[in-house]
Amino acid sequence: MSQPIIAIVGSGPIGSAYARVLIEQHPGARVVMFEAGPQLTGIPGESVRNIQDPEAKAQAREKSQGPQAGAYRAALGIPEATVTEGMFTARQGTHLLDFGGPGSAHAPSFPAAAAATNVGGQGAHWTCATPEPAFSEKIPFIPEEEWESLMAQAKGLLHVQGEAFADSAVGGAIRSLLDEEFGAELPDGYGVGTLPVAGDPQEDGSMRWAGADVVLGPLIEPRSEQASRFELRDLSLVLRIELEGQRATGVSYKDLRTGQISFFAADAVVVAADAFRSPQLLWASGIRHRARPGSRTCPPGVEPGGPGGGGQPHSVLRTRAPVLRAGDVFRIHSLSDGSAGRAREQPMGLRQHGLRHAQAAAVRRRGKF
Ligand SMILES: Cc1cc2nc3c(=O)[nH]c(=O)nc-3n(C[C@H](O)[C@H](O)[C@H](O)COP(=O)(O)OP(=O)(O)OC[C@H]3O[C@@H](n4cnc5c(N)ncnc54)[C@H](O)[C@@H]3O)c2cc1C
């Protein structure tokens, strides 16, 4: 397929990495990224920590907080001035999934589960700490050589560097105390060091923190060739991945500015809508992994007793990019379908939407927004 059209759901670091790698590795690929939340900064996906003005920073965080933001808080009976992170509200920039009002998820066993709904996802709010997984944190079925190469690629995409603030006298003193206390017990090759972080040190000693913007890189550089093949649509909530048999044919999405529901045809769909909403979207689309004895396949956010039973964390983690698997990124050029390359998009009336709309509405009722 010479000019595949790829729909990506979610603009966080994972969706952005897929967009970048696919566009860079396939010279004809066009990527359209759908993001349910608003764009917060002039540069799409930039970390809100780079916003200097405290008021503007607070506003950007609030815009990411979905149904719990602004006036909606009062409607839920939460006093507007109350900020009790993890109780009434999640950490700023994020919103609880189970917040108790209309459209809330139902997660009584996971009440503090939170998400961010904005361009850049949690990547616009994260702390940027990037310690490398080691020992049991590594994924055992990925061969060492491939792991090393993927880690190097990930560090490059995120602008990771290991010597941030290494010249801080306070940091040096803390490291030396830690080394005295723990240095001798650490395994060979490991020692007390600076924490790797994702960002670009500035000449004045400050840091420009990395968000999804650095992962997107040339895709959001004005007039770059890659930017001409990339489109980001904010406030566009994907309701369903459309299927023909077992093959994804595109996505149905709602323009949250106009309320219009449309179908976007794509040759491949990447779901990168976070650890909660990816499985939820898959479920709403009728995509489930094969049931195994003793396994329950319902995504979190859906009440036990809803379709499929109760949530299982392990089924969440395996569904990050289910339609294009990680290995497929490198094989995208082998997709073959003569219909690629055309802009194939059509508005979908409610009547035409029929059952699909009803299913999507059910998902919203169960807790999407
Ligand atoms: C405050 C904070 C600090 C953190 N600090 C660190 C840290 O120091 N180090 C670290 O490694 N990790 C950290 N994390 C976690 C890290 O940010 C996340 O693991 C990472 O962002 C996940 O990336 P993602 O792309 O999978 O999901 P997200 O970044 O959550 O992005 C998913 C996006 O999908 C969108 N979406 C969901 N459903 C739909 C839909 N149906 N249609 C359209 N769009 C949809 C969402 O709005 C969201 O923007 C932190 C997170 C937070 C909130």
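Biologist: Which residues of H7 are buried?
Modeller: H7 runs over 274–284; helices here are DSSP runs of H or I with at least four residues, strands are E runs of at least two, and both are numbered from the N terminus. A residue is buried if 20 or more other C-beta atoms, placed from the backbone, lie within 10 Å of its own, exposed if 12 or fewer do, and partly exposed in between. H7 is mostly covered, with 10 of its 11 residues passing that test. They are Asp 274, Phe 276, Arg 277, Ser 278, Pro 279, Gln 280, Leu 281, Leu 282, Trp 283 and Ala 284.

Biologist: Before we go on, how are residues numbered, and what pLDDT do local features need?
Modeller: Residues are numbered from 1 along each chain as its sequence is written. This is a predicted model: totals for chains, interfaces and linings use all residues, side-chain atom pairs count only at pLDDT 80 or more, and local features need pLDDT of at least 70.

Biologist: Thanks! Which residues are closest to the ligand?
Modeller: A residue belongs to the shell if its C-beta atom, placed from the backbone, lies within 6 Å of the ligand. H7 supplies at least two shell residues, as do helix H1 (13–25) and strand E9 (236–244). In total 34 residues surround the ligand, and the closest are Gly 10, Gly 12, Gly 121, Thr 127 and Ala 273.

Biologist: How many residues of that shell are charged?
Modeller: Asp, Glu, Lys and Arg count as charged; Ala, Val, Leu, Ile, Met, Phe, Trp, Tyr, Cys and Pro as nonpolar; and the others, Gly among them, as polar. The shell has 15 nonpolar and 15 polar residues, while the number of charged ones is 4.

Biologist: Which element gives the largest share of the largest nonpolar core?
Modeller: Such a core is a set of buried Ala, Val, Leu, Ile, Met, Phe, Trp, Tyr and Cys residues joined through C-beta atoms within 7 Å. The largest has 69 residues, and Val 9 is among those with the most contacts inside it. The largest share, 6 residues, comes from H1.

Biologist: Which residue of H7 does Val 9 touch?
Modeller: Two residues are in contact if their C-beta atoms, placed from the backbone, lie within 7 Å. Leaving out residues up to four places away in sequence, Val 9 touches several, including Val 251, Ala 273 and, from H7, Leu 281.

Biologist: What is the phi of Cys 128, and is this residue buried or exposed?
Modeller: Most residues other than glycine have a negative phi. Cys 128 sits in the loop between strand E4 (114–115) and helix H4 (144–158), and its phi is positive, about 75°. Because 20 other C-beta atoms lie within 10 Å, Cys 128 is buried.

Biologist: Which residue is the bridge partner of Asp 200?
Modeller: Strands pair if DSSP finds at least two bridges between them. Three strands form an open antiparallel sheet in the order E5-E6-E7, and E6 (197–201) pairs with E7 over 3 bridges. In E7, the partner of Asp 200 is Arg 208.

Biologist: Last one: how far is the C-alpha atom of Thr 41 from that of Ile 51?
Modeller: Thr 41 is found in the loop between strand E2 (30–34) and helix H2 (54–63), and its contacts beyond four places in sequence include Ile 51. Although 10 residues apart along the chain, their C-alpha atoms are separated by 8.5 Å.
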